[in-house]
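Q: Please take a close look at the aromatic rings of this model, and at how the parts around them are packed.

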Amino acid sequence: MRKTSGPSPRTPRLRAALVAVAVAAVTGATLAGSPASASSSGAAPATDTTQFKGVNWADPRDNFADDLLQLSGLSTTDTYRQTYAKATRIIAAFRANLGANTVRLPINPYTVDGAYWKSYRGVIDAASDQGFKVIVSYWEGTGARKDGYIDDTATYWPMWDTVVKAYKNDKHVYFEPMNEPHGYTDTEWADIAAKWLSTYAKVPRNRVFVSGAGYNDHVTSVCADPRLKGTYLSLHHYGFWKDYATYDQWVADLKVRIGDCANRTVADEFGAPMTTGLNYDVKTPDDNFVNYVQAVTDTFRELKMGSVYWPGLRTDDTYSIQTLTGTTARPWLATTNQSGADRLAWAWGRGKPVKG
């Protein structure tokens, strides 16, 4: 779930109200009986997902686009060589500033099915060449298309044909069939994910991220589906889903969405304000976002879950934990909130716990 930039980041694509309804419904009904059934799903071979320590790199428009995706700091007029050079520096900065080893990137048919794909591949290649894990995820369009459904199956499958052909042999690249498939029921989404797996049967299942149902807001239903066995599961979780919750309430909210599927789950979106001066290193029980960040990072560490922050870099987003510095041709990054970076380090198995 994304945020708009500026003083009111909690109004993403008219979704605040929709999310509140969806989350309430999921928490009350769908999730209540899910954890017990999830254990029958068959877990991935790994016993945890801590190898994924990452950030999202986003288009300033939030990745929902009916045209070419232009990641923050890049240009759609850049050649492959220019894109690769810029991306190499930005990926290196994610590692230097945060200790990240994973980046999540958006794709759509406009970007993949035209001439710009050659240049856009420079981002994926630059990350892979530095040993980064790269999660490539399909985003739907904007406007009327922003409805939680695949925009056009006639372009969706050819897009994935191109991407899979290019990267099926690159062990650093992971495939996420769709971001936040909230237009579908849990069963409908599982059917689509199963179709993706059967269509690209030669892709190892441990290089596929199956999004949780809804807004990626629970993984228990996809975890319980035996057709999806062996895949990773992606969860999204955000502090703006509640006006206020205590630390313990946030822990409970997160855990019910995971059920007993933590050993397959990566939180590949979670985030909070990073440019507003909040200190996430000190307990502040009256602040919802401080409670949230401390709760989720503690829980990721406890459950040995990988996590991918939203966003690592997105121009003019108050949640962005990095901001562009340097020149257009030679970009670098600076950290917007060191206490936020400290909590990421803690979630990823390093650093120090929150101060009392």
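A: Phe209 is buried, with a relative accessible area of 0%, in a model that is predicted, and Phe52 likewise counts as buried at 0% relative accessibility. The count of aromatic pairs comes to 25, and one of them joins these two residues: the ring centres of Phe52 and Phe209 lie 5.3 Å apart with the planes at 85°, and because planes over 60 degrees apart count as edge-to-face, the pair belongs to that class. This pair links distant parts of the chain, since Phe52 sits in the loop between α2 (34–38) and β1 while Phe209 belongs to strand β5, 157 residues apart.

A second edge-to-face pair is formed by Tyr156 and Trp157, whose ring centres are 4.9 Å apart and whose planes stand at 85°. Tyr156 is buried with a relative accessible area of 0%, and Trp157 is buried too, with a value of 15%, which lies under the 20% limit. Both residues are members of one aromatic cluster, which is formed by Tyr138, Tyr156, Trp157, Trp160, Phe175, Trp196 and Tyr200.

Trp196 of this cluster leads on to helix α7 (residues 186–199), which has 14 residues and reaches 20 Å from its first C-alpha to its last, close to the 20 Å expected at 1.5 Å a residue. The buried residues of α7 are Trp189, Ala190, Ile192, Ala193, Ala194, Trp196 and Leu197, and they pack against α6 (153–167), β4 (173–176), β5 (209–211), α8 (213–216) and α9 (220–223). Strand β5, which appears among these partners, is the strand that holds Phe209 of the pair with Phe52.

Two backbone details elsewhere in the chain concern aspartates with a positive phi although neither residue is a glycine: Asp62, at about 90°, and Asp316, at about 65°. Asp62 lies in the loop between β1 (53–57) and α3 and is buried, with a relative accessible area of 5%, whereas Asp316, in the loop between β8 and β9 (322–326), is exposed, with a relative accessible area of 60%. Strand β8 (residues 306–313) also contains Pro311, and the peptide bond leading from Trp310 to Pro311 is cis, with omega near -20°.

How values were computed. Residues are numbered from 1 along each chain as its sequence is written. This is a predicted model: local features need pLDDT of at least 70, side-chain atom pairs count only at pLDDT 80 or more; totals for chains, interfaces and linings use all residues. Side-chain values use heavy atoms; hydrogens and water are left out. Helices (H or I, at least four residues) and strands (E, at least two) are DSSP runs, numbered from the N terminus. The expected span of a helix is 1.5 Å times one less than its number of residues. Buried means under 20% relative accessible area, exposed over 50%, partly exposed in between (1.4 Å probe, protein chains only). Contact means heavy atoms within 4.5 Å. Rings of Phe, Tyr and Trp (its six-membered ring) pair if their centres lie within 6.5 Å; planes under 30 degrees apart count as stacked, over 60 as edge-to-face and the rest as tilted.
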